[in-house]
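Visitor: I am new to this structure and should be grateful for a close look at a single part of it. Please choose one residue as a starting point and then proceed outward from there.

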Amino acid sequence: MAEHEEKKHEESLMDRIAEKIQAHDSSSSDSDNDKPSESSIKAKVFRLFGREKPVHHVLGGGKPADIFLWRNKKISAGALGVATVIWILFEMLEYHLLTLVCHLLILALALLFLWSNAATFINKSPPSIPEVQIPKDPVMEFAQALWFEINRAFAVLRDIASGRDLKKFLSVIAGLWVLSIVGSWCNFLTLFYIVFVLLHAVPVLYEKYEDKVDPFAEKAMHEIKKQYAVFDAKVLSKIPRGPLKEKKKD
C-alpha cells in the first residue's frame, strides 16, 4: 500500500511539473506572437523621400536605372565618358554643336565617297550603306510622354499659383531661386553635365549606404519640420489670406 501511495504521489508531482512546462511554453509563444516581426520592423524604417520600393524601381526599373546604378559597368562608363567628351568639346574647347555636326558629316561623306570610288580600282565591293529611317512608334511614345509631363507641370504650376498650398508655393519659389543662382555660376551645358555626373554617383552610393543615410535623413527631416512649424507659427500664420479664409468660412 505504501509503495502504491508513493507511486501516486510521484505521478501527481510529474503531472504538475508537466502542466507548469506547458503553461510556460504557451506564455512564451504568446509573447513571441506579440513581438513585431522583422518584416513589420523593416516596413517602419524611414526611407528617404518616403519610398517603399528599391532605388532601382524608383529610377524607373529600366535601362536608364541600370546605367545610373552601374549594373553594367561598361555601358555606364561609356555613357559617362561620352558625356565628358561632349562637355570638354563644347565647354573647354569652345566647340559649337552645328560646327561639330557639319565636320562629322563632312568626314563621314568624304570617307564613304572615296571608298565607293576606290573600290572599282582595287577590285573590292563598295561599302553597303544602310537605309536609315526613324521608326514611328518610339517617336510617338516619346512625344506622348513629353506631352504628358508638360501638361502635368502646367497643372502643378496652376495649383501652386491658385494659393491653395502655401508650403508648396514657398518650396517651389526657393527651388527656383536656388536654380537661378546655380545658373548664374555656369551655363546650361555645364549644369546638365553636373546633373548627369551626379545621377551616376549619388544613386549608386545611396543604394550602397542607404542604411546609414536614411537615419541621418530622418533626423534632418524632423529638424526641418520643426523649424518650419516655428516659422509657420511666427510668420506664415500671420499672413492674411482673405479670399481663402472667406471660402473656408462659407
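Guide: Let us begin with T190, which lies in helix α9. The model is a predicted one, and every statement that follows concerns that prediction. T190 has a relative accessibility of 12% and therefore counts as buried, the cut-off being under 20%. When its neighbours within four places in sequence are left aside, T190 is in contact with W87 and E91.

Helix α9 comprises residues 188–208, and a second residue of this helix merits attention, namely E207. E207 forms a salt bridge with R71, and the closest N and O atoms of the pair are 3.0 Å apart. This pair links distant parts of the chain: E207 is in helix α9, R71 is in the loop between α4 (63–68) and α5, and 136 residues separate them. As a general principle, side chains of opposite charge can pair when their charged atoms come close. E207 counts as partly exposed because its relative accessibility is 25%, and R71 is likewise placed in the partly exposed class, with a value of 44%.

The loop that holds R71 leads to another residue of interest. W70 lies in the loop between α4 and α5. Although W70 is not a glycine, it has a positive phi of about 60 degrees. In general, most residues other than glycine have a negative phi. The relative accessible area of W70 is 27%, so W70 is partly exposed.

W70 also appears among the contacts of S76, a residue found in helix α5, which covers residues 73–92. With neighbours within four places in sequence set aside, S76 is in contact with D66, I67, W70 and H200. S76 counts as buried because its relative accessibility is 0%.

Beyond helix α5 one comes to E94, which is found in the loop between α5 and α6 (97–118). Phi of E94 is near 55 degrees, a positive value in a residue other than glycine. E94 has a relative accessible area of 61% and is therefore exposed.

It remains to place the bridge between R71 and E207 in its wider setting. A search of the whole structure finds 3 salt bridges. Another of them joins E149 to R152, with the closest N and O atoms 2.8 Å apart. Both E149 and R152 lie in helix α7 (residues 136–161), where a separation of 3 residues amounts to about one turn of the helix. E149 is partly exposed because its relative accessible area is 38%; R152, at 46% relative accessibility, also counts as partly exposed.

A further salt bridge is the one in which the side chains of D159 and K168 meet, at 3.7 Å from N to O. D159 has a relative accessibility of 25% and so counts as partly exposed. K168 is assigned to the partly exposed class as well, because its relative accessibility is 34%.

To return to the point of departure, T190 is a buried residue of helix α9, and E207 of that helix takes part in a salt bridge with R71, a residue of the loop between α4 and α5.

Definitions and conventions:
Residues are numbered from 1 along each chain as its sequence is written. This is a predicted model: local features need pLDDT of at least 70, side-chain atom pairs count only at pLDDT 80 or more; totals for chains, interfaces and linings use all residues. Side-chain values use heavy atoms; hydrogens and water are left out. Helices (H or I, at least four residues) and strands (E, at least two) are DSSP runs, numbered from the N terminus. Buried means under 20% relative accessible area, exposed over 50%, partly exposed in between (1.4 Å probe, protein chains only). Contact means heavy atoms within 4.5 Å. A salt bridge is a side-chain nitrogen of Lys or Arg within 4 Å of a carboxyl oxygen of Asp or Glu.
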